[in-house]
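Hi,

Here is the structure I said I would pass on. Have a look at it, and then read on for what turned up.

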Amino acid sequence: MTGAAGEPAVREHTRPVAGETAAAGSGTAAPGSGTAAGAELPSQVTEFVPLAVTLDGAGGACVAGVTAEGRWLRPEPVTAAQVAGPDPVYAVHHPVRLPLGPATGDGARPEDRAVGGAPRRAGPPAEPARRAALLAAVADPDVATAFAGGRSAGLVAVRPLGYRHQRSTGGRTFLRLEFTDNTGERFDWIVRDVRLLDAGPGEVALPAGPEAPLLYAAVGLTHPNHRFPGRFRGCHPLVVGLHPADGSPLLPNETSLEGTAGAPGTA
């Protein structure tokens, strides 16, 4: 795929992420790594770290994350039961291993992969310093670069200006985040991070404003629905994951990210 006219050149996310090999896929390769398009082996076992885990009000779930080489992947399909509940198999920063093959059908995005078997947890999350290093290593310079070259998932450093709940024309209420990226451009997008799904109006107590700490926002595009022509190729842009830049948990109740002294196989 190529980007729309005027988009910046895509940055290839295939370099190793320093210090994250054990946490994000030691000994495994992402589908397509080192092979030409169309030559991917079906159902290749792959390990990646989810940076975006979403669930909408209708039960639609989605997951995207990065391999040890920094390659973005989006396994499909994903069920609501796999991202929600007391012990979901997909959780932010928790490595997952599963068989993945090339996406089939029209409209497949560069990150899309077909699930060829049951996903399984691949160990605990890395410690905060290593999570922070991973975020910094895979982040794009700005929103435009994250979505260049036909891509539909990426990570961007943002300044959160404010959170609010807003009712849509269809009567549903969505959490929205207003933010700027490194270019200073202002955005106002729906947040689909599963960790914030149940937060009602006035219940999101996250820092926001000109002096708020830096966040990394995982951003994603929906499939084209042709109601949003122009900049994002007919897709709806979303914030699909939020991450403090220092690698700390986003919310006080994220006990699954506490006390992780290191990734599997590390001292």
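How many helices and strands does the protein have? There are 3 helices and 11 strands. One thing to keep in mind from the start is that this is a predicted model. If you walk along the sequence, the elements come in the pattern α-β-β-β-β-β-β-α-α-β-β-β-β-β. The protein has 267 residues, and 50% of them count as buried. As for contacts with a separation of 6 or more, 66% are made by residues 24 or more positions apart.

**The pocket**

The largest pocket is a good place to begin turning the model around. It holds about 830 Å³ of space. Its lining takes in 41 residues, and those closest to the centre are Asp 56, Arg 192, Thr 222, His 236 and Leu 238. Several strands give two or more residues to this lining, among them E1 (44-55), E2 (61-66), E7 (153-167) and E11 (237-244). By residue type, the lining of the largest pocket splits into 21 nonpolar, 11 polar and 9 charged.

**Salt bridges**

Side chains of opposite charge can pair when their charged atoms come close. The count here comes to 11 salt bridges, and three of the pairs are worth a look.

Start with Arg 74 and Glu 111, whose side chains meet at 3.6 Å, N to O. Arg 74 belongs to strand E3, while Glu 111 sits in the loop between strand E4 (96-102) and strand E5 (112-115), so the pair links distant parts of the chain, 37 residues apart. Are these two partners buried or exposed? Arg 74 has a relative accessible area of 3%, so it is buried. Glu 111 is buried as well, with a relative accessible area of 2%.

Next, Glu 254 and Arg 195 form a salt bridge at 3.0 Å, N to O. This one also ties together distant parts of the chain: Glu 254 is in the segment after E11, Arg 195 is in the loop between strand E9 (186-190) and E10, and they are 59 residues apart. Glu 254 counts as buried because its relative accessibility is 10%. Some salt bridges share partners, too, and in that way Arg 74, Glu 76, Arg 109, Glu 111 and Asp 112 are joined into one network.

The third pair is Glu 178 with Arg 186, at 2.7 Å, N to O. Glu 178 is partly exposed, at 23% relative accessible area, and Arg 186 is exposed, at 53%.

**Cysteines**

How many disulfides does the structure hold? The number is 0. Among the cysteines, Cys 235 is buried, with a relative accessible area of 7%. Cys 62 has a relative accessible area of 27%, which makes it partly exposed.

**Around Gln 82**

One last spot to click on is Gln 82, in the loop between E3 and E4. Which residues is Gln 82 in contact with, once its neighbours within four places in sequence are left aside? They are Pro 77, Pro 88, Val 89, Tyr 90 and Pro 119. You can also find Cys 62 from there: Gln 82 and Cys 62 are 20 residues apart along the chain, and 9.6 Å separates their C-alpha atoms.

Over to you, and happy browsing!

Methods. Residues numbered from 1 in each chain as written. Predicted model: local features only at pLDDT ≥ 70, side-chain atom pairs only at ≥ 80, totals over all residues. Heavy atoms only, no water. 1 Å grid on protein atoms, 1.4 Å probe; cavity = no way out; pocket = protein on both sides within 12 Å on 5 of 7 lines; lining within 4 Å. Points joined across faces, edges and corners; volume = space filled by probe spheres on them. Helix = DSSP H or I, 4+ residues; strand = E, 2+ residues; numbered from the N terminus. Nonpolar A, V, L, I, M, F, W, Y, C, P; charged D, E, K, R; others polar. Disulfide = S-S within 2.5 Å. Buried < 20%, exposed > 50% of the residue type's maximum accessible area, 1.4 Å probe, protein only. Salt bridge = Lys/Arg side-chain N within 4 Å of Asp/Glu carboxyl O. Contact = heavy atoms within 4.5 Å.
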